[in-house]
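The following exercises ask the reader to work through a protein model step by step. Each task is followed by a worked solution.

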Amino acid sequence: MTGFLQSLLDSLSFGSLFGLTALGIALVFGVMRMINFAHGELIMVAAYSVFVLRGLPLPVTLFLSLGVAVLVALLLERAAFRPVRNAHPTTLLVTSFVASYLLQNVVMAVAGARPKGVDVSPELLEVISLGNLRVSTIDLVTIVTSAVLIMLLWLLLSRTLIGVQMRAAADDFLMARLLGVRANRVIAAAFAASGLLAGCVSLLLVARSGSISPTMGLTPVLVGFVAAVIGGVGSLVGALVGGYLLGLATVLLQTYLPSGVVGYRDGLVFGFVILILLLRPQGLLASSAERTRV
Amino acid sequence: MVLAPTRSGLRRVAPLAVPVILACLIVLLASFAASSVQRTVTTMLVNLVLVVGLYVFVGNSGVLSFGHIGFMAIGAYADAIFTIPVQLKKVMLPHLPAVFAQLTLPTPVAVLAAGLAAALVALLVSLPLMRMSLVTLPIATLAFLVIVRQVLGNWESVTRGVGTMLGIPIDTTMTSALLWAVVAMVVAFLFQGSRFGLRLRACREEEVAARALGIGVTAERTIAFVLSAFLAGAAGALYGHELGSLYPDAFYFSATFLVITMLIIGGSGSLAGAFTGTVLVSAAAEILRRAEGGFHLAGLAVPARPGLGAIVLAVVMLLALAYRPQGITRGRESGIPRLGGGRPVRVPQSDEHPDRLANETEGEV
């Protein structure tokens, strides 16, 4: 029983990170129909900001790093994605792939390819024992932060004008524009929100692992894609569900796989994803994005 | 396109003949040049096999694949196991299954077998993948690339894990690479003019209409995918025979970026595009690689800047995507210029989104 609870807790913590990443990807996908590879690089850029600004008081550093992630997201939208906004989906996908590669290499040229160590706050890594459960503070912080962010996002999307417009644009972009939704504004809002989510994921990740590298965005973004695809691309709830499911799958495989096969864990998780898609090619919760309009 | 029925035989094969002749000319010129130039040309030809392979799927189906470097890796590692001398295999891979431990194939056979191995994996993978949509399929191919990378990094008894595979006979010459490049282009040309190729192109242009005409899409995509994986696998084998050693990280994102850049810059809609892009980007990448090591310009020492090449290529690529998303060739095939100036054949604009007209109004509503 304790083992099960422990796994559940771990998967909640993992799943939160995956879910937040998937949400950021799904937000942008909703308004642009583009899977944003560069989302991982937003995570990476925020992590490097923490490294660069490490001398400042901690809250200032964290706040500024989030700001950098949002800024880079808006910059990318303006410089790389706006010129191709109406292009073929394949062109969009290649653009985001190239943007991600570019950011990675710029950081590599400036800061070097080697991983660096960052200590955000040692207290976060302390482990609390609750009966037989071992919980580290960072797990609790991750779970609580995610819950708060999800609540905030829900308030944004349901209670504010721009949020409602984002949902309308995600459902039918042309119709939303005809009804007076400003294209540039909703797309920028979606990128800003996804930048903020990426920044938060980045801080949680860095606080946990204590190391940063130019390619650190790859793993979370891959998992985020996969979570978004399992959930049904473009569906925000689907993205969250997908994220938590993946967290569960990862933790269970890590716990119960024999040690000789654990190296293949991620491969198995991705294999599991292919299986889900085999049964439901449109994802668990399909959105209007996957419907073919004639 | 390939099949204006009124064209003479010569004009009909021009899309194939022009790049083949140009490739032969490049090799002919390079055979008089320094050995470093010859190596660059060999690399370019191996890349050409790979890019033409990618083109067979991406160009005809309009669906992007991030997974072809995975097929290249499968081809390269399969070929290494077929060709590394038995004695060396005993030392390097002591736990290799007995069937392979005693086996050495001559290089040409091994390259073919490596291509077939990649094609077989592609066939298995395409069963779930080819049913997916334009948006999710590329992500699934990306997942495939990650799976291949993980297997290569962990399957110690066959791939040496993250260690380097050594002792592959170094026998990819400019001539053998040229031969395979020509084979790749012939395969691509025959496929795109075949019944399946034409059907697949119809799906690329307008999937709903193509389905309404009774084209199933899945089968056509599968055939293209398997064929293109075969070429990518063969390219991987040639790559192994060019360098003599392999390691898993050579087959990951940088390689994927490079091969996609080659195809998109040239224009993914035509064989001419795949050829042009490979030649130009290979040349540019080589120049940038040398510039990265630092150089002297008019007496000024420019210091070494590792990673500069990748940044320049990525910026060029972003500009190309914004201003010329269909690449240099814009989906046109190479042809023989008409005397007296006939009207050019109108090529469908495959890279435009069907909703383009609806979104055409710029600025805000």
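**Exercise 1. The surface and make-up of chain B**

How much area does chain B expose, and what share of it do carbon and sulfur atoms supply?

*Solution.* The model is a predicted one. Step 1: chain B exposes about 16000 Å². Step 2: carbon and sulfur atoms supply 68% of that area. Step 3: turning to the interior, 51% of the 365 residues of chain B count as buried. Step 4: the secondary structure of chain B consists of 16 helices and two strands. Step 5: when contacts in chain B between residues at least 6 apart in sequence are considered, 77% of them join residues at least 24 apart.

**Exercise 2. The interface between the chains**

Describe the contact between chain B and chain A, beginning with its area and ending with the elements that supply it.

*Solution.* Step 1: the size of an interface is often expressed as the accessible area lost when the parts come together. Step 2: here the area buried between chain B and chain A is about 4600 Å², and carbon and sulfur atoms give 73% of it. Step 3: chain B brings 52 residues to the contact and chain A brings 48 residues. Step 4: the rule finds zero salt bridges across the interface of chain B and chain A, and one residue pair is counted in polar contact between them, both residues at pLDDT 80 or more. Step 5: on the side of chain B that touches chain A, at least two residues each come from helices H6 (107–129), H7 (136–154), H13 (253–266), H15 (308–323) and H16 (356–359) of chain B. Step 6: H7(B) gives the largest share of that side, ten residues.

**Exercise 3. The surroundings of Leu93(A)**

Is Leu93(A) buried or exposed, and which residues is Leu93(A) in contact with beyond its neighbours within four places in sequence?

*Solution.* Step 1: Leu93(A) is located in helix H4 (residues 89–111) of chain A. Step 2: its relative accessible area is 6%, under the 20% limit, so Leu93(A) is buried. Step 3: leaving aside neighbours within four places in sequence, Leu93(A) is in contact with Ile35(A) and Phe37(A) in chain A, and with Leu64(B), Phe66(B) and Pro138(B) in chain B.

**Exercise 4. A nonpolar patch on the surface**

Which elements give two or more residues to the nonpolar patch that includes Phe4(A) and Tyr256(A)?

*Solution.* Step 1: the patch has about 910 Å² of accessible area together, and among its residues are Phe4(A), Leu5(A), Val237(A), Leu252(A) and Tyr256(A). Step 2: helix H1 (2–32) and helix H10 (236–256) of chain A each give two or more residues to the patch. Step 3: the largest share, six residues, comes from H10(A). Step 4: Tyr256(A) is found in helix H10 of chain A. Step 5: the relative accessibility of Tyr256(A) is 58%, over the 50% limit, and therefore Tyr256(A) counts as exposed.

**Exercise 5. Two residues with positive phi**

Where do Arg33(A) and Val217(B) lie, and what is the phi of Arg33(A) and of Val217(B)?

*Solution.* Step 1: most residues other than glycine have a negative phi. Step 2: Arg33(A), which is not a glycine, has a positive phi near 55 degrees, and Val217(B), also not a glycine, has a positive phi of about 65 degrees. Step 3: Arg33(A) lies in the loop between H1 and helix H2 (39–52) of chain A, while Val217(B) is placed in the loop between helix H11 (207–212) and helix H12 (218–243) of chain B. Step 4: Arg33(A) is partly exposed, at a relative accessible area of 27%, whereas Val217(B), at 1% relative accessibility, counts as buried.

Definitions and conventions
Residues are numbered from 1 along each chain as its sequence is written. Chains are lettered from A and ligands numbered from 1 in the order in which they are written. This is a predicted model: local features need pLDDT of at least 70, side-chain atom pairs count only at pLDDT 80 or more; totals for chains, interfaces and linings use all residues. Side-chain values use heavy atoms; hydrogens and water are left out. Patches are made of residues with over 30% relative accessible area and no salt bridge: like charges are joined within 9 Å, nonpolar side chains (Val, Leu, Ile, Met, Phe, Trp, Tyr) within 5 Å. Accessible areas come from the Shrake-Rupley method with a 1.4 Å probe; for residues, only the protein chains shown count as cover. A salt bridge is a side-chain nitrogen of Lys or Arg within 4 Å of a carboxyl oxygen of Asp or Glu. Helices (H or I, at least four residues) and strands (E, at least two) are DSSP runs, numbered from the N terminus. Buried means under 20% relative accessible area, exposed over 50%, partly exposed in between (1.4 Å probe, protein chains only). Contact means heavy atoms within 4.5 Å. Buried area is the accessible area (1.4 Å probe) that two parts lose on being put together, summed over both. A polar contact is a pair of N or O atoms within 3.5 Å; within protein, one must be able to donate a hydrogen and the other to accept it, and residues adjacent in sequence count only if both atoms are side-chain atoms.
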